[in-house]
Amino acid sequence: LKFFKKFFLNKNKSFQIKKILAIKLTMMGDTVLLYPAVKALKENYPNCELTFLCSKVNYDIVKMWDFVDKIVVFRFDLLFKKPWIIFLQIFKLYKKFDLAVDFEQWFRNTAIVAFLSSKITAGFKTPKQYKHYLFDFYVPHIKGRHEVLCFCDLVKVLGVEVKNKNLFLKINEEVKEKIKGLLESFGIKEKKFVIIHPGCGIHGYYRQWDEEKYALIAEYLSSKGYKVVLTGSKDDIKIANRIQKLVSFETLNLVGKTTVEELICLVSFSKFVICGNTGILHIAAALNIPTIAIHGPTDANKWGPWGNGHIVIKSDLKCSPCSYLGFEYGCKKRRCLDSIQTDRIKEAVDILIYEKNINCDSCKE
């Protein structure tokens, strides 16, 4: 085994790896954070055909990466409705690749896909998941280590050094003009509005700050002369509607109304973004747009905004953070998030509006 690893990791032997499969099916935000590792993987094997196995959830992010040769949208959502489609897709992938890198941190089924599709496999060893037994190479998924660095660790075990850890998102110029026109039609100028993204998706209750507090922050932003734009998925519509009813002015409510490309362009025009631990946080970081990131049960050291210029608001409770795998929350209430008062967010708003020096946690190495 030691001889094989030495042979495989020798850069002079990289020509033997002709087809690579990168796997990531879940979490749009995680996919944004994955960019440096996958780009470095392709650069290390420039003559290889790189195929990315994604899902409908993160396809819009992956399609922006011009170094990916092929994209396969895996329909795991049809597992219980039309399972034969899943089996057909796996059959088409069977032993078609020399190397498969499974970037899923917790999702076990992708380890099976990697094992069936490739001669050599690599992935994470996540506590209590046991999927690493299917991998030829694996690294520990380290609690408290930022996810960008964990992804880089995974390709490093394959001899790939990630020198550039900057994030990237491609701006569609046509969509950009569309969003610019939309903002102008509502009398909203570039950098004179703030995005509030109050929801965290269909399973995001434990990561969502209270909508009444978001409404108070919206009022505060309005008093400072800034417009407020609400964003989110269709699952967040009720939350946004409640905020709209609580404020004394009309916000631009785009919750459930934007595509990923439109959201990216919208974020690029904003002054900053206020949100919990969810995908838009990483979209903003990739665009170098400041964020006020509100963290309760989730670890900001691992899931916080990547880069400088952001403000991370964390709970002072000793039990926070409590979640690692994303579902093992310590209580049935949001005690940690409820402990975060609006004064802390208002202070952060003032820092970003008046561009004061930020003295807060950073997620760089």
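A residue counts as buried when its relative accessible area is under 20%, as exposed when that area is over 50%, and as partly exposed in between. With this rule in hand, one can follow several charged side chains through the structure, which is a predicted model.

Lys-302 has a relative accessible area of 1%, and because this is under 20% the residue is buried. Its partner in a salt bridge is Glu-147, with the closest N and O atoms 2.7 Å apart. The two residues come from distant parts of the chain, since Glu-147 belongs to helix α6 (residues 147-156) and Lys-302 to helix α12 (residues 300-303), with their positions 155 residues apart in sequence. Glu-147 is likewise buried, at a relative accessible area of 0%, so both ends of this salt bridge fall in the buried class.

A further pair is formed by Glu-262 and Lys-178, whose closest N and O atoms lie 2.6 Å apart in a salt bridge. Because Glu-262 sits in helix α10 (residues 260-269) while Lys-178 sits in helix α7 (residues 173-185), this pair ties together parts of the chain that are 84 residues apart in sequence. Glu-262 has a relative accessible area of 9% and is therefore buried.

The next salt bridge leads to a pair of packed helices. The side chains of Glu-211 and Arg-242 meet at 2.6 Å, N to O, and since Glu-211 lies in helix α8 and Arg-242 in helix α9, the pair ties together parts that are 31 residues apart in sequence. Here the two partners fall into separate classes of accessibility: Glu-211 is buried, with a relative accessible area of 15%, whereas Arg-242 is partly exposed, with a value of 39%.

How do the two helices that carry this pair lie against each other? The axes of α8 (residues 211-223) and α9 (residues 237-246) come within 9 Å and cross at roughly 50 degrees, which means that α8 is oblique to α9. The crossing is right-handed. On the α8 side the contact is made by Glu-211, Glu-212, Tyr-214, Ala-215 and Glu-219, and on the α9 side by Ile-239, Arg-242, Ile-243 and Leu-246. Sorted by class, the residues in this contact comprise 5 nonpolar and 4 charged ones, with no polar residue.

Counted over the model, there are 15 salt bridges. Elsewhere, Lys-24, Asp-30 and Glu-104 are linked in a network of such bridges.

Conventions:
Residues numbered from 1 in each chain as written. Predicted model: local features only at pLDDT ≥ 70, side-chain atom pairs only at ≥ 80, totals over all residues. Heavy atoms only, no water. Axes fitted to C-alpha atoms, helices over the stretch in contact; angles between N-to-C directions. Helix = DSSP H or I, 4+ residues; strand = E, 2+ residues; numbered from the N terminus. Parallel < 35°, antiparallel > 145°, perpendicular 65-115°, else oblique. Left-handed = near helix turned anticlockwise from the far one by under 90°. Contact = heavy atoms within 4.5 Å. Nonpolar A, V, L, I, M, F, W, Y, C, P; charged D, E, K, R; others polar. Salt bridge = Lys/Arg side-chain N within 4 Å of Asp/Glu carboxyl O. Buried < 20%, exposed > 50% of the residue type's maximum accessible area, 1.4 Å probe, protein only.
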